[in-house]
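Open the model in your viewer and switch on cartoon and side chains. This tour goes selection by selection.

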Amino acid sequence: MQILETHDLKKYYGTGDTQVRALDGVNLAVEQGEFLSIVGTSGSGKSTLLHMLGGLDRPTSGTVTVDGTDIFRLKDDALTIFRRRKIGFVFQAYNLVPVLNVYENIVLPIQLDGNPVDVDYVNQIVEALGLSGKLNALPGQLSGGQQQRVAIARALATKPAIVLADEPTGNLDSRTSQDVLSLMKTTGARFGQTIVMITHNEEIAQLADRIIRIEDGRICGGEGR
């Protein structure tokens, strides 16, 4: 079952001779439960693509369908709600709230949506990511790898249709990167999450179920399906 699909997705900036085609007709399909890695150099369009998949920016043309919903048919307020409920984000910058402890950071998106916290489910995620002994700690008391684990837990806790990861190991050393990505893959499989990760790191990309490559705003390697 396809959980995520794009059709002829384009994002252009400027006009005429100075026009930049950040995305130039991307067709992509991702199966439910898949771990997909999108690889590209700086300026290839991979970050723009991730922002479109997550509804963080609107395309020039084309469609993005998430869990059966054409997200850009939604008005801004409805898109914000949809994004919070259906899409989890893991960024290179951990984006944790410094005055909230680990547990409060993890459940914050759920509380913002006014929903009750599934405590058993959250505890399973916390245990799987090795955070059980850190729930009362503040972000500033954690290592980089631990902070990224909290960010992953937060992304999984809302039970999203997909998790989008933007260079999630960019601030980590190579060994910690491998550990965090292995945990991300394991927890994604355990909790039935679909993960789309962008990276420039070929070694990290190999942990995914499938790899596609993007250059000059177009998929040029691997299969978009």
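**Stop 1: helix 3 and helix 5**

Select residues 102–112, which form helix 3, and residues 144–157, which form helix 5. In this predicted model, the two helices pack at an angle of about 30°, and their axes are 8 Å apart. Angles under 35 degrees count as roughly parallel, so helix 3 is roughly parallel to helix 5. The crossing of helix 3 past helix 5 is right-handed.

Now show the side chains at this contact. From helix 3, pick Val102, Asn105, Ile106, Pro109 and Ile110. From helix 5, pick Val150, Ala153, Arg154 and Ala157. Color them by character: seven are nonpolar, one is polar and one is charged.

**Stop 2: Gln147**

Stay on helix 5 and select Gln147, which lies in this helix. Is Gln147 buried or exposed? Its relative accessible area is 16%. Buried means under 20%, so Gln147 is buried.

Next, display what surrounds this side chain. Leaving out residues up to four places away in sequence, Gln147 touches Tyr94, Leu96, Pro139 and Leu142.

**Stop 3: helix 3 and helix 4**

Go back to helix 3 and add residues 119–128, which are helix 4. How do helix 3 and helix 4 lie relative to each other? Their axes cross at roughly 125° and come within 12 Å. Roughly perpendicular covers 65 to 115 degrees, and roughly antiparallel starts over 145. Helix 3 and helix 4 are therefore oblique to each other. Here, too, the view shows a right-handed crossing, with helix 3 passing helix 4.

Which residues make this contact? On helix 3, select Tyr103, Ile106 and Val107. On helix 4, select Val119, Val122 and Val126. Color by character again: six residues are nonpolar, with no polar and no charged ones.

Keep Ile106 highlighted for a moment. Ile106 is among the residues of helix 3 that contact helix 5, and Ile106 is also one of those that contact helix 4.

**Stop 4: Ser174**

Last, jump to helix 6, residues 174–190, and select Ser174 in that helix. Turn on the surface. Ser174 has a relative accessible area of 59%. Exposed means over 50%, so Ser174 is exposed.

Finish with a distance label. Draw it from the C-alpha of Ser174 to the C-alpha of Ile87: the label should read 27 Å. In sequence, Ser174 and Ile87 are 87 residues apart.

Terms used: Residues are numbered from 1 along each chain as its sequence is written. This is a predicted model: local features need pLDDT of at least 70, side-chain atom pairs count only at pLDDT 80 or more; totals for chains, interfaces and linings use all residues. Side-chain values use heavy atoms; hydrogens and water are left out. Axes are lines fitted to C-alpha atoms, for helices over the stretch in contact, and angles run from 0 to 180 degrees between N-to-C directions. Helices (H or I, at least four residues) and strands (E, at least two) are DSSP runs, numbered from the N terminus. A crossing is left-handed if the near helix is turned anticlockwise from the far one by less than a right angle, and right-handed if clockwise. Contact means heavy atoms within 4.5 Å. Ala, Val, Leu, Ile, Met, Phe, Trp, Tyr, Cys and Pro count as nonpolar, Asp, Glu, Lys and Arg as charged, and the others, Gly among them, as polar. Buried means under 20% relative accessible area, exposed over 50%, partly exposed in between (1.4 Å probe, protein chains only).
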